[in-house]
Amino acid sequence: MKIIVAIKQVPARDSQLRIDSKGKWIQTSDLAFEINEPDAYALEAALQLKEKNGGEVVALCAGPASAGQTIREALAKGADRALHIEEDNLDTLDTLGIARLLAKAATAESPDLVLTGLQSEDLGYGQTGVVVAELLGMPHATIVMEVERKDSSVRVKRELENGWFQYVELPLPAVLTIQSGISKLRYATLMGIKKAKTKEVKRLTAAGLGVPLQATIAIDRVYPPEKSKQTQILDGSPKEAAAKLVEKLKFEVRAI
Amino acid sequence: MSGVLAITEQRDGVWHRMSWETIAAAQQLAADLKLPVSAAIVGTSDAGDLAHKKLDRIYAVDDPLLKSYTADGYTDALEQLIRRTNPRYVLFPHTYQVRDFAPKLATRFNQVLVSDVVGFRIVNGSVVMVRQLFQGKLNADVSFGGEAPFFASIQAGAFRADNAVPAESPVAVEPVPVHLDAAKIRSRSEAPFRESQRAVDLASAGIIVSVGRGIREKENIPIVEELAKVLGAELAASRPICDNGWLPMERQVGSSGQTVSPKVYIAVGISGAIQHLVGMKGAKTIVAINKDSNAPIFEVADYGIVGDLFEVIPALVEEVKKAKA
């Protein structure tokens, strides 16, 4: 079975974010980047499906040249080859714009399954997978915990709210968005890193795919959130801060 | 009619509480724009309590194929409702179910769902949606483009359900017939189930000590366990801790775990991703202990300690013991 995994490169989790001079996005020049964590779980699910059922895992990523690092990591972990839609200014594109690029690149591969994370850690719209499915004319399931391959379908366990779950069966080809944390992520082995250097990364562009870089919605302004509460920061050494907190909990909150 | 349409969610006659928050948001948006406001029920013709909310219209989209949820069925049905009633704005509660079909529905209209919205503003007569970026570290103003209808989903707790304006007299329900084809519903869903009975009821705890990624490894859990013990508190956790099996799933707080509102909630090494915040921001007093002063948990905290939890927690245990002695 051929599985495409759509992955995104995002600023590293602990980055100190600074708003750019236009106030419409963040400064990206001095940031470290990593794979969007939910997509790392999608990649892991794809690799496990391949180990069980055979086939091929193709990583698909839209991003600037520097996203090549995230693609190499996916190849080092076991993806067989990659498609890199190399464009610099994707930060201003919206979900539909990105999904059109991903769907066009995926179509040419005729995959059995397209997997992606359930949301990105930067924009967090949580819908790229669903929109790709609609554009590809494929059925989809979101927030997937388990995937079981059947003859011409997959049976997946979906997470619902408040501790509820549900099994859903979908005919192939299909798109699945994978829940984070469902399995342990593998590390790339030394052998994997070595092999990744020889694996194929096919470079694509929006123009080459015939997809215009066109946004429907726009971010007008980025700014620090307004605080909903006044936080009292208790400072000093750990012992001093702890003593201040206990005093608050005892005399103001009356919880001790 | 080119007003605001709220899509509600219920299952077997039980309302999703976020439906009322979305009604409140839709009423407010419609009032700000001086537009009519309507609501839709899907898979039922019984509007129940919805008939007692101040709405210009209630549409019932009912069909045997909508009795249980499928993305294909809901998308086809709501596409027909929207094409027929022609709303300018369509609002949804940002539930797991909405996340499953609303992006697909918006795509049918060449639109993008502005998802997980925390508020809106009217700027020069246009609506600007406010949503969070980078797991709540930044906010963004997002404007719509292209042709209406415009789609947005409302974050849990962003609007208050009790702000939904009641109707003076019950609103009649208008059935909107839709044509659905069983062959076009590609997925087959089995009945929802729960994995196990919950032995731990965090909802009744007076004090909760909750631990997140900052604890780094399972071997460090006893450090916070000790704090919970001396405070007489229940121990809880954010999702990654339970995913890793460091604490049982039944101790998870957040959108996929329990919703709690204790007297005191002490968040230790929890950054405060929105999925966690929706489960605990109703706590009376929130304490955040985190090494990153920019962590979103400090946005909701009453008291904060910026520091290394491995130094702060043992010190706190000693101080609590002293105070109780």
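A crossing of two helices is called right-handed if the near helix is turned clockwise from the far one by less than a right angle. In this predicted model, helix H7 of chain A passes helix H8 of chain B in such a right-handed crossing. The points below describe that contact, and then chain A and the nonpolar cores.

**Where the two helices meet**

- The axes of H7(A), which spans residues 238-252, and of H8(B), which spans residues 309-324, come within 8 Å and cross at roughly 45°.
- Because angles of 35 to 65 degrees fall outside the ranges for roughly parallel, antiparallel and perpendicular, H7(A) counts as oblique to H8(B).
- On the side of H7(A), the residues in contact include Pro238(A), Ala241(A), Leu245(A) and Lys250(A), while those of H8(B) include Glu311(B), Leu316(B), Val320(B) and Ala323(B).
- Sorted by class, this contact of H7(A) with H8(B) comprises 11 nonpolar and four charged residues, with no polar ones.

**Chain A as a whole**

- Chain A holds seven helices and 13 strands, and its C-alpha atoms fill a box of roughly 65 × 45 × 40 Å along the principal axes.
- Of the 256 residues in chain A, 43% count as buried.
- Among contacts in chain A with a separation of 6 or more, 70% join residues 24 or more positions apart.

**Nonpolar cores**

- The largest nonpolar core has 125 residues, and Val5(A), Ala59(A), Leu60(A) and Leu102(A) have the most contacts inside it.
- Leaving aside residues up to four places away in sequence, Val5(A) touches Ala59(A) and Leu60(A), and its other partners include Ala42(A), Val57(A) and Leu115(A).
- Apart from that core lies another, of 53 residues, with Ile208(B), Ala233(B), Leu277(B) and Leu309(B) among them.

Definitions and conventions: Residues numbered from 1 in each chain as written. Chains lettered and ligands numbered in written order. Predicted model: local features only at pLDDT ≥ 70, side-chain atom pairs only at ≥ 80, totals over all residues. Axes fitted to C-alpha atoms, helices over the stretch in contact; angles between N-to-C directions. Helix = DSSP H or I, 4+ residues; strand = E, 2+ residues; numbered from the N terminus. Parallel < 35°, antiparallel > 145°, perpendicular 65-115°, else oblique. Contact = placed C-beta atoms within 7 Å. Nonpolar A, V, L, I, M, F, W, Y, C, P; charged D, E, K, R; others polar. Buried ≥ 20, exposed ≤ 12 C-beta atoms within 10 Å, placed from the backbone. Core = buried A, V, L, I, M, F, W, Y, C linked by C-beta atoms within 7 Å.
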